[in-house]
Amino acid sequence: MANGIGLSATEDTVEQVLTRNYRYTVPDYQRRYSWEEEQWAALWADLNSIQDSSTHFLGSIVLIERPGGLNELNKLEIVDGQQRIATITILLSLMREKYYEMGESGQAEDINNQYLKKRDLDRNEYQNLRLSTFDNPDLEKVIERNYDQMDDGQLREAVQFYAKKLESLDVDELDELRKYLLASVTLVSIRCEGEQSAFRLFETLNDRGMELSSVDLMKNYTFSKAASAPDSEISYEKVQDDWERLIKALMPNMSQPSRFFRHYIMSAEEPDYDGDVSDYKLYDEYQKIVDTKLPEVGMSLNEYVEELADKAELYTKILNQEIDMYDEDGNEAINSKLEDLDIINSVQARTLMLRIFEEYKTANKVMESLLLLESFLMRWKVSSYPTGGELDRIYSGICSEAFEEQNSVRNIYKGLSDRCPSDEEFIASIENKRVRLNDRTNYILKRLEVDYYDGVEVNLDELDREHIAPRASFTAKKYSAWPSTLGTTEAQFEQYRDKIGNLTLLETDKNISIGADPFEEKKKAYAESEMKMNQKLCEDYDSWGTDEIEKRTSELANAMVQIWNLDS
């Protein structure tokens, strides 16, 4: 079959697809292998429901032919359908393994040589299917029977799923299943003359219900525009190279690459975007940028994709705390602060961070901005202000407005302080709420030790978060002192036990030794601690109950207001 967009289509059995005189490749810009148990189970059920005279249609694969080298097999690049072909390859590999286990080496070798591997005219051996840079190392281990060396991920889980399904089959059952897979399962192979027809088809298939991520759609739209433009206007090869660079930066570091695109669009100087970009509207907004906004600001698609790739590399440096743009001391201080921000939960703030690193060429200005951002975030998070679109709009607005004037750090301050919880709100949240027992609370205690108590530098890996009045005050069987000491009921104590005033940091060995000891016994360990906050506990308190928890919580709340003060 052929039509006006330059393609031909044939319905083939799996055997016909895999025995073509080609090898299949998946380019790096494609999404990773992502099938899960729902899809694996559906394929398995379909295979087992096939009758002798019936077939099962698995779907389509969209291909572009690529020439090989001298005497090499040509390649068929998979634009769409890699999930199906990769899963079939895994299943055949495991069938081969099962045949070997049962002493049927002939059948095993047939699968290996006909469907899993290919040879060119010089007898060089290739994988019949080669996945992207990110997935192929594990697929290669499957094909070479090194299953135990696979990394954790979807390919490994697929192997485990199908290995379990094949476990109980005898030779006759395995023969039957293999024949059904190869001869009764069909695919429509759609070969396209070039990129333009392939990407137009890809979009058509999506319109008819294929489930694709916004990043898949954005990639397809970008490549489609590049393929259809005159060579004098857009270099398709450069778009492809930059998109692959973008994906190589993001894929090993992010489970949700769409997040980068959202943050970049909101942070960019041009085209400017003053508002929030949700996952839901990301693809639509991206289309508007490519079609309308780039021409308005005089930016070409090549320039835009190059900028995306550059910022993706910067984004991963922010993500991994690996900034290397400044001198050694500056980089060290910035990366340490990025680690602190990550503990607080600064995912949405990466919008503003991207712009900060774009604008500032000195480490001092970056640090000044990041400290403002930390104070804002700590107050926002502790005060339980809403996340989502509200924060996105704040950061996007600052990126649109703050950097137009010379004193941009002051404008960042203004944009954050206008929406920041006040001192009164911050204190009230600390005094009236229980803290979350997580890394952010550990970081709060660390900063209190260093900045408020003027204590030692803190290594959180060597310390435990200690409840002064134990969480098990009413349930620990060894001691009966705490219920009477606390002067409250078990139900009421739940409102006090996780307040910041009832928490401290303590050396691990000391924390283990004191357990749920009475306060008088705990004080001995506190007195021997290197932590100034523990020594101060011994000085300030002779007993420990709910009144003391409230008093210390108020004290620490006022200290936190000063530590995370945007004006400091």
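Helices (H or I, at least four residues) and strands (E, at least two) are DSSP runs, numbered from the N terminus. With those labels in hand, here are the close-ups, all taken from a predicted model.

**Figure 1. The whole protein, to get your bearings.** The chain has 568 residues, and 55% of them count as buried. Its secondary structure comes to 26 helices and eleven strands. Taken along the principal axes, the box filled by the C-alpha atoms is roughly 85 × 65 × 40 Å. For a sense of scale, pick out Glu521 and Leu169: their C-alpha atoms are separated by 64 Å, and the two residues are 352 residues apart along the chain. Glu521 is found in helix α24 (residues 519-528) and is partly exposed, with a relative accessible area of 37%.

**Figure 2. Strand β4 and its partner β9.** Strand β4 (residues 56-66) pairs with β9 in the parallel sense, and eight bridges link the two. One pair to look for is Phe57, whose bridge partner in β9 is Thr186. How many of the eight residues of strand β9 are buried? Seven are, so strand β9 (residues 185-192) is largely enclosed by the rest of the structure. As you follow the backbone, keep in mind that in a regular strand the side chains alternate between the two faces of the sheet.

**Figure 3. Strand β5 with β3 and β4.** Strand β5 (residues 75-80) is mostly covered, with five of its six residues buried. Strand β3 (residues 23-25) runs parallel to β5 and is joined to it by three bridges. Here Tyr24 stands opposite Leu76 of β5. Strand β4 also meets β5, but in the antiparallel sense, through five bridges. In that pairing, look for Val62, which has Asp80 of β5 as its bridge partner.

**Figure 4. A salt bridge between helices α16 and α19.** Side chains of opposite charge can pair when their charged atoms come close. Arg379 and Asp423 form a salt bridge, and their closest N and O atoms are 2.8 Å apart. Arg379 belongs to helix α16 (residues 363-382) and Asp423 to helix α19 (residues 423-432), so the pair ties together parts that are 44 residues apart in sequence. Is Arg379 buried or exposed? Its relative accessibility is 4%, so Arg379 counts as buried. Asp423, at 32% relative accessibility, is partly exposed. Elsewhere, salt bridges that share partners join Lys238, Asp242, Arg245, Glu306, Asp310 and Glu313 into one network. The count for the protein comes to 36 salt bridges.

**Figure 5. Two more salt bridges, Lys288 with Glu285 and Arg156 with Asp152.** In the first pair, the closest N and O atoms of Lys288 and Glu285 are 3.7 Å apart. Both residues sit in helix α12 (residues 279-297), three residues apart, which is about one turn of the helix. Lys288 is partly exposed, with a relative accessible area of 46%, whereas Glu285 is buried, at 10%. In the second pair, Arg156 and Asp152 bring their closest N and O atoms to 3.6 Å apart. Asp152 counts as exposed, at 72% relative accessibility, while Arg156 is partly exposed, at 21%.

**Figure 6. A patch of negative charge on the surface.** Which residues gather in this patch of negative charge? They are Glu269, Glu270, Asp272, Asp274, Glu401, Glu404 and Glu405. Glu405 is a handy one to start from: it lies in the loop between α17 (389-401) and α18 (408-417). With 53% relative accessibility, Glu405 counts as exposed, because the cut-off for that label is over 50%.

**Figure 7. Backbone spots worth a second look.** Most residues other than glycine have a negative phi, and most peptide bonds are trans. The peptide bond from Glu270 to Pro271, however, is cis, with omega near -10°. Pro271 lies in the loop between α11 (258-267) and α12, and Glu270 is one of the residues in the negative patch. Arg145 is not a glycine, yet it has a positive phi of about 70°. You will find Arg145 in the loop between α5 (136-143) and α6 (154-166), where it is partly exposed at 37% relative accessibility. Ser384, also not a glycine, has a positive phi of about 60°. Ser384 is in the loop between α16 and α17.

Note on methods:
Residues are numbered from 1 along each chain as its sequence is written. This is a predicted model: local features need pLDDT of at least 70, side-chain atom pairs count only at pLDDT 80 or more; totals for chains, interfaces and linings use all residues. Side-chain values use heavy atoms; hydrogens and water are left out. Patches are made of residues with over 30% relative accessible area and no salt bridge: like charges are joined within 9 Å, nonpolar side chains (Val, Leu, Ile, Met, Phe, Trp, Tyr) within 5 Å. Accessible areas come from the Shrake-Rupley method with a 1.4 Å probe; for residues, only the protein chains shown count as cover. A salt bridge is a side-chain nitrogen of Lys or Arg within 4 Å of a carboxyl oxygen of Asp or Glu. Lys and Arg count as positive and Asp and Glu as negative; His and the chain ends are not counted. The place of a charge is taken as NZ of Lys, CZ of Arg, CG of Asp or CD of Glu. Buried means under 20% relative accessible area, exposed over 50%, partly exposed in between (1.4 Å probe, protein chains only). Two strands pair if DSSP finds at least two bridges between them.
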